[in-house]
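Visitor: I would like a close look at one part of this protein. Please take me through it step by step.

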Amino acid sequence: SVDALPELLQTAQATIAGHIKKSKQFFSEAVKVGAIKQNPFESVAAGTQHNDERSLYVSAETIEKVIAKAPDAQWRLIIALSRYAGLRCPSEVLALRWADVDFVNGTMTVTSSKTAKQGKAKRLVPILPQLRPYLEDAFDPEADRCISRYQISTANLRTEFLRILKRAEVEPWPRLFHNLRGSLETDLFEKFPAHVVVAWLGNSERIALKHY
């Protein structure tokens, strides 16, 4: 409506692009089933859903400062898995089991609900030297999951991370966990071929180069 226009204009460009794309898909289906004759969004350009202002590189030095203020081994591991393994948080981090961690061969088998629909439910991720100490520190042979908390609800995950950042006197970045994953991908692109990096992180090369 016209009344909602000022608020809509204040919305991030990426969000607006997403709304337009979904609207085009919705009305396209309506045309297919004969509910309407023409898609009113057919000629509307959606724009990009990528927002450069929300992409921020978080250095290893910064994240070590943050990890040092984490309350316990599990929280240190949550942050380390996000920055040094590029796991999606909370989904992949909380799904990781100790049975998936191969300390001998230096790899982890990561289960991803996000890529399962594309037939890639699992991927093999190297245990980088920066990550290993936090895995070893949190290891519990009697536990099933690497992170036993937040299995019922992830409601306090972001809140607690913000508390940790405050204790570390580090300004929060735009996308708390996603920017950590993106920062690792940036590091890896400098050392390894793109197809190897995206296989580790579960992205396509097109998506990786677009977002990172």
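Which helices do the buried residues of α3 pack against?

Guide: A word first on the model: it is predicted. The buried residues of α3 pack against α4, α6, α7 and α8.

Start with α3 itself. Its buried residues are Ile63, Val66 and Ile67. They cover an arc of only 100° around the axis, which puts them on the same side of α3. The spacing fits a general rule. An α-helix has 3.6 residues a turn, so residues three or four places apart point the same way.

Now cross to one of the partners, α7. This helix spans residues 157-167, and its buried residues are Leu157, Glu160, Phe161, Ile164 and Leu165. These cover an arc of only 145° around the axis, which places them on the same side of α7. They pack against α3 (60-67), α4 (73-84) and α8 (178-189). After α7 comes Glu169, with a positive phi, near 60°.

Take Phe161 on α7. Leaving out residues up to four places away in sequence, Phe161 touches Val66, Trp75, Ile79, Trp173, Leu176, Phe177 and Leu180. Val66 is one of the buried residues of α3.

Phe161 also leads into the nonpolar core. The largest such core has 42 residues, and Met108 and Phe161 are those with the most contacts inside it. Elements giving two or more residues to this core are α3, α4, α5 (91-95), β2 (107-111), α6 (132-138) and α7. The most comes from α4, which gives eight residues. A second, separate core holds six residues, among them Leu184, Val197, Trp200 and Leu201. As a general point, nonpolar side chains tend to be buried together in soluble globular proteins.

Next, look for empty space. The structure holds one cavity of 30 Å³ or more. The largest cavity has a volume of about 40 Å³. Its lining consists of Tyr84, Ala85, Val125, Pro126, Leu128, Leu184, Leu188, Trp200 and Leu201. Two or more of these lining residues come from each of β3 (122-126), α8 and α9 (194-201). By type, the lining divides into nine nonpolar residues, no polar and no charged. Leu184, Trp200 and Leu201 belong to the second core, and these three also appear in the cavity lining.

One charged residue deserves a stop. Glu92 lies in helix α5. At 2% relative accessibility, Glu92 counts as buried. The cut-off for buried is under 20%. Setting aside neighbours within four places in sequence, Glu92 is in contact with Gly86, Leu87, Val110, Thr111, Ser112, Arg123 and Arg181.

Finally, step back to the whole chain. The protein has 10 helices and three strands. From the N terminus, the elements run α-α-α-α-α-β-β-β-α-α-α-α-α. Of the 212 residues, 38% are buried. Among contacts between residues at least 6 apart in sequence, 60% join residues at least 24 apart.

Back to your question, in short. The buried residues of α3 sit on the same side of that helix. They pack against α4, α6, α7 and α8. In turn, α3 is among the elements that give two or more residues to the largest nonpolar core.

Technical notes: Residues are numbered from 1 along each chain as its sequence is written. This is a predicted model: local features need pLDDT of at least 70, side-chain atom pairs count only at pLDDT 80 or more; totals for chains, interfaces and linings use all residues. Side-chain values use heavy atoms; hydrogens and water are left out. Buried means under 20% relative accessible area, exposed over 50%, partly exposed in between (1.4 Å probe, protein chains only). Helices (H or I, at least four residues) and strands (E, at least two) are DSSP runs, numbered from the N terminus. The arc is that of the directions from the helix axis to the C-beta atoms. Contact means heavy atoms within 4.5 Å. On a 1 Å grid over the protein atoms alone, a cavity is a set of points where a 1.4 Å probe fits but cannot get out, and a pocket is an open set with protein on both sides within 12 Å along at least five of seven lines; lining residues have an atom within 4 Å of a point. Grid points are joined across faces, edges and corners, and a volume is the space filled by probe spheres set on the points. Ala, Val, Leu, Ile, Met, Phe, Trp, Tyr, Cys and Pro count as nonpolar, Asp, Glu, Lys and Arg as charged, and the others, Gly among them, as polar. A nonpolar core is a set of buried Ala, Val, Leu, Ile, Met, Phe, Trp, Tyr and Cys residues joined through side-chain atoms within 4.5 Å.
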